[in-house]
Amino acid sequence: MRIKILVVEDERSISGFIKTVLTANGYDVVLAHTGAEAGAMAKSHCPMLVILDLGLPDMDGTELIRSIREWSRMPIIVVSARMHERDKVEALDLGADDFITKPFGTDELLARIRTALRHMHVPNEAAANDGVFRSGELMVDFEKHRIQIGGTDVHLTQNEFRIVALLAQNAGKVMTYDCILRELWGPYAKSDNQILRVNMANIRRKLEKNPAEPKYIFTEVGVGYRMIDNGT
Ligand code: CA
């Protein structure tokens, strides 16, 4: 079965490029050039995944996310320009699964799609996979609350462990600051990124050989953090 992907993008050079790449990689592609068209096609074509440009001629892409999320959990990958960090955060908080920053390469696009589809089939893949996440030298054991680098235990505080575990369970996906704060401290958590930055600095000091050039947990500037994907 070929996986059908709905591409919503008004710039025809970009939608043409995406269609060429996806078709060459075995996906079925349907194109929409306006938000209204996309809303109708999401319902009539039942795509497995949506790639969505936020800047559409007739509506803001976030409106489309809101309306799709009323009836479907289909993965939505947002495409956005680098300067629009607030848009990315809003899109993710509305229920988009991930984003790609323009300009992007073929490999990045395909990797994001694979990640989103994998999380759809097995939402808690890392935990389901014998309760352990591995990438390079890093090992996260969710049940034993244990983290190792190259077979040596790393001592994290409880909050540090919870942050790493949350990112590992969602490996390959960006997690927004607010999403991490909510997961850790509940729905009424104060939107205080400083506490996350302090925790992340400590985590990196313990996990990374060179905390300034992290290999495991990446910063998406102004948006959140992303654990390296172990499955691609
Ligand atoms: Ca556009």
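**Exercise 1. Determine how strand 1 is paired with strand 3, and which residues stand opposite each other.**

Solution. In this predicted model, strand 3 (residues 49-53) runs parallel to strand 1, and four bridges join the two. Within this pairing, Val-8 stands opposite Leu-52 of strand 3.

**Exercise 2. Identify the partner of strand 1 in the β-α-β unit, and give the handedness of that unit.**

Solution. Step one: strand 1 is joined to strand 2 (residues 28-32) by five bridges, and the two strands run parallel. Leu-6 has Val-30 of strand 2 opposite. Step two: with helix 1 (residues 12-24), strand 1 and strand 2 make a β-α-β unit that is right-handed. Step three concerns the covering of strand 1, which spans residues 4-8: four of its five residues are buried, so the strand is mostly covered.

**Exercise 3. Describe the open sheet of four strands: its order, its edges and the helix that packs on it.**

Solution. Step one: the order is 6-7-8-9, and the pairing is antiparallel. Step two: strand 6 (132-135) and strand 9 (152-154) each have a single partner strand and therefore stand at the edges, with one side of each left without a neighbour in the sheet. Step three: on average, neighbouring strands of this sheet are turned by 25 degrees against each other, direction ignored. Step four: four bridges connect strand 6 with strand 7 (residues 138-141) in the antiparallel sense, and Arg-134 stands opposite Met-139 of strand 7. Step five: helix 7 (residues 158-169) packs on the sheet, where it touches strand 6, strand 7 and strand 8 (146-149). The direction of helix 7 makes about 100 degrees with that of strand 7.

**Exercise 4. Classify the arrangement of helix 8 and helix 9, and name residues through which they meet.**

Solution. Step one: the axes of helix 8 (residues 177-185) and helix 9 (residues 193-207) come within 10 Å and cross at roughly 85 degrees. Step two: angles of 65 to 115 degrees count as roughly perpendicular, so the two helices are roughly perpendicular to each other. Step three: on the helix 8 side, the residues that meet helix 9 are Tyr-177, Ile-180, Leu-181 and Trp-185. Their counterparts in helix 9 are Asn-193, Ile-195, Leu-196 and Asn-199.

**Exercise 5. State how many disulfides the structure holds, and decide whether Cys-46 and Cys-179 are buried or exposed.**

Solution. Step one: a search of the whole structure yields zero disulfides. Step two: Cys-46 has a relative accessible area of 57%; because the limit for exposed is over 50%, Cys-46 is exposed. Step three: Cys-179 has 18% relative accessibility; because buried means under 20%, Cys-179 counts as buried.

Conventions: Residues numbered from 1 in each chain as written. Predicted model: local features only at pLDDT ≥ 70, side-chain atom pairs only at ≥ 80, totals over all residues. Heavy atoms only, no water. Disulfide = S-S within 2.5 Å. Buried < 20%, exposed > 50% of the residue type's maximum accessible area, 1.4 Å probe, protein only. Pairing = 2+ DSSP bridges. Right-handed = clockwise from strand over helix to strand, strands pointing away. Axes fitted to C-alpha atoms, helices over the stretch in contact; angles between N-to-C directions. Parallel < 35°, antiparallel > 145°, perpendicular 65-115°, else oblique. Contact = heavy atoms within 4.5 Å.
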